[in-house]
Amino acid sequence: MIRNRFTGILAAALTLAASFLHAQLAPSSIDHVKQLYESAAYDEALASLDRLGSKDATDRAVASKAWLEYRALCLLALDRTADAEPVIEQLLGQDPAYWPNPNDTSPRFVSVVDRARSRVLPLLARQQYESAKRDFDEKRSAQAAEGFARVVALLGNPALVRSAPGSGDDLRTLAAGFLELSKAAAAATPAPAVEKAPSRIATVYGAGDLDVTPPVTVRQDLPAWKHPAFGFVKRFEGQLDVIIDETGKVESATIVTSIFAGYDELAVAGAMQWQYAPATRHGIPVRFKKSVLVGLSVK
Amino acid sequence: VQVFEHGRFVGTNDSGRLTLAAGPHELELVNEALQYRSKLAITITPDSLVPVRVTMPTGTLSLNALPWSDVLIDGKAMGATPLGHLQLSIGPHRVVFRHPLLGEQTRTAVISAGIESRLVVDLRK
């Protein structure tokens, strides 16, 4: 009897956990937001986005492009342009090449994106330039070359050229000059002795690397959890970072914020089985550090 | 609107002019369909015309079009979709959705007092 009851509770809990994970990670929730938006139910769409969104909004699965797009569109619909602008800036921070198709998108939205881009991209480029310049000054020529190349790519972005012609021309010229110097310095520096497994010390890219296309999730399920009965609905959240290699396999998984004592190890073991289409940089697969917000809702 | 006095139907505003006995009157203005109901106290003096202007309440209209459109309401340009919570007087309004490549569609939106109405068109169809 007790065993049956426990099994029942566990089954219910797993169902709840699965549905919560589904809500966190699956596209169906965004589909619901899309339906609400398309039916002009803008307040309801925003409320639905709030429910979907994590409080700290650091999870890439939640702070996805669609999530940000619908949020910005709903805020614009409600004449809350000042609130929509930071959302669009966040969108551009994730994808500086973001360019809504003017045939499919309201010109109001396109225009706000244009204005945000002309503010954001030069700032991103300036930050990137300063970081690359530090690398250059401290004789890290290879990293400096990569950084300057990013600045040149960012300021040469056709979307920026269209929305803010001439903006950042000086910085681009400067970065292009330092790029050549960095390349020359890197070529003149003798290559360090290569030890075994050089690819393992290759750069790990992340969300802040603007010229990297993030990995696409193929499989990201969590293991079942045999938890104690709480007698009330409880929600646990934590963060897991995974490093995804150039083949899309998880190379390592680390708990950043504990989900629940005793479940963290299971989550790490499960995460090692996750599969992705690898991140790419200029079309070449690269290692990538991805943060995943894990949520469990149980009774 | 229909005009009542103590529950007795007196007329409608369509008739332009109502005939009432001289003296004070408590009128009730009603449009059930638009959920509008208000009271009006007037005093009629003998052999005179008492003009009464009634400010109609508003309701809200939220609009969207797929993929998007410019919007005109009763001939007035309101901007491009998405448009939420537009304040309009109660009653019917002619809404035109216009897209430079997909043409235009016209709808009638009936706004009720204190209620949010929604109107959506798919210009791709």
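**Entry 1. Polar contacts between the chains**

I looked first for polar contacts across the interface of chain B and chain A in this predicted model, and the rule finds ten residue pairs, both members at pLDDT 80 or more. I then asked which strands of chain B reach chain A: strand S5 (58-66), strand S8 (83-89) and strand S11 (116-122) each supply at least two residues of the side that touches chain A. The largest share, four residues, comes from S5(B). I sorted the residues on that side of chain B by type and recorded nine nonpolar, six polar and two charged.

**Entry 2. Extent of the interface**

I noted that the contact takes 17 residues from chain B and 19 residues from chain A. Chain B and chain A bury about 1300 Å² between them, and 53% of this area is on carbon and sulfur atoms. Which three residues supply more than any other three of the area that chain B buries against chain A? I found B:Trp68, B:Pro82 and B:Arg118, with 39% of that area.

**Entry 3. Salt bridge across the interface**

I searched the interface of chain B and chain A for salt bridges, and the rule finds one. It joins the side chains of B:Arg118 and A:Glu44, at 2.7 Å from N to O. B:Arg118 thus appears twice in my notes, being also one of the three residues named for the buried area of chain B.

**Entry 4. Salt bridges within the chains**

I counted 19 salt bridges over all chains. In chain A, the side chains of A:Glu85 and A:Arg115 meet at 3.9 Å, N to O. This pair links distant parts of the chain, with A:Glu85 in helix H5 (residues 81-94) and A:Arg115 in helix H6 of chain A, 30 residues apart. I recorded A:Arg115 as partly exposed, at 40% relative accessibility.

A second salt bridge in chain A joins A:Arg150 and A:Glu146, at 3.7 Å from N to O. Why are these two residues separated by about one helical turn? They are four residues apart in helix H7 (residues 141-155) of chain A, and therefore lie about one turn from each other. I checked how accessible each partner is: A:Arg150 is buried, with a relative accessible area of 12%, whereas A:Glu146 counts as partly exposed at 25%.

In chain B, I noted a salt bridge between the side chains of B:Glu104 and B:Arg98, at 2.7 Å, N to O. B:Glu104 is partly exposed at 42% relative accessibility, and B:Arg98 is partly exposed at 38%. I also found that salt bridges with shared partners join A:Glu44, B:Glu116 and B:Arg118 into one network.

**Entry 5. Aromatic pairs**

I counted eight aromatic pairs over all chains. The rings of A:Tyr37 and A:Tyr42 have centres 5.7 Å apart and planes at 55°, so I recorded the pair as tilted. A:Tyr37 counts as buried at 9% relative accessibility, and A:Tyr42 counts as buried at 1%.

I next examined A:Phe136 and A:Phe178, an edge-to-face pair with 5.1 Å centre to centre and 70° between the planes. A:Phe136 lies in helix H6 (residues 107-137) and A:Phe178 in helix H9 (residues 169-188) of chain A, so the pair ties together parts 42 residues apart in sequence. Are these rings buried or partly exposed? A:Phe136 counts as partly exposed at 21% relative accessibility, while A:Phe178 counts as buried at 16%.

Finally, I traced the ring pairs around these residues and found that they link A:Tyr129, A:Phe136, A:Phe148 and A:Phe178 into a cluster.

Notes:
Residues are numbered from 1 along each chain as its sequence is written. Chains are lettered from A and ligands numbered from 1 in the order in which they are written. Side-chain values use heavy atoms; hydrogens and water are left out. Contact means heavy atoms within 4.5 Å. Buried area is the accessible area (1.4 Å probe) that two parts lose on being put together, summed over both. A salt bridge is a side-chain nitrogen of Lys or Arg within 4 Å of a carboxyl oxygen of Asp or Glu. A polar contact is a pair of N or O atoms within 3.5 Å; within protein, one must be able to donate a hydrogen and the other to accept it, and residues adjacent in sequence count only if both atoms are side-chain atoms. Ala, Val, Leu, Ile, Met, Phe, Trp, Tyr, Cys and Pro count as nonpolar, Asp, Glu, Lys and Arg as charged, and the others, Gly among them, as polar. Rings of Phe, Tyr and Trp (its six-membered ring) pair if their centres lie within 6.5 Å; planes under 30 degrees apart count as stacked, over 60 as edge-to-face and the rest as tilted. Buried means under 20% relative accessible area, exposed over 50%, partly exposed in between (1.4 Å probe, protein chains only).
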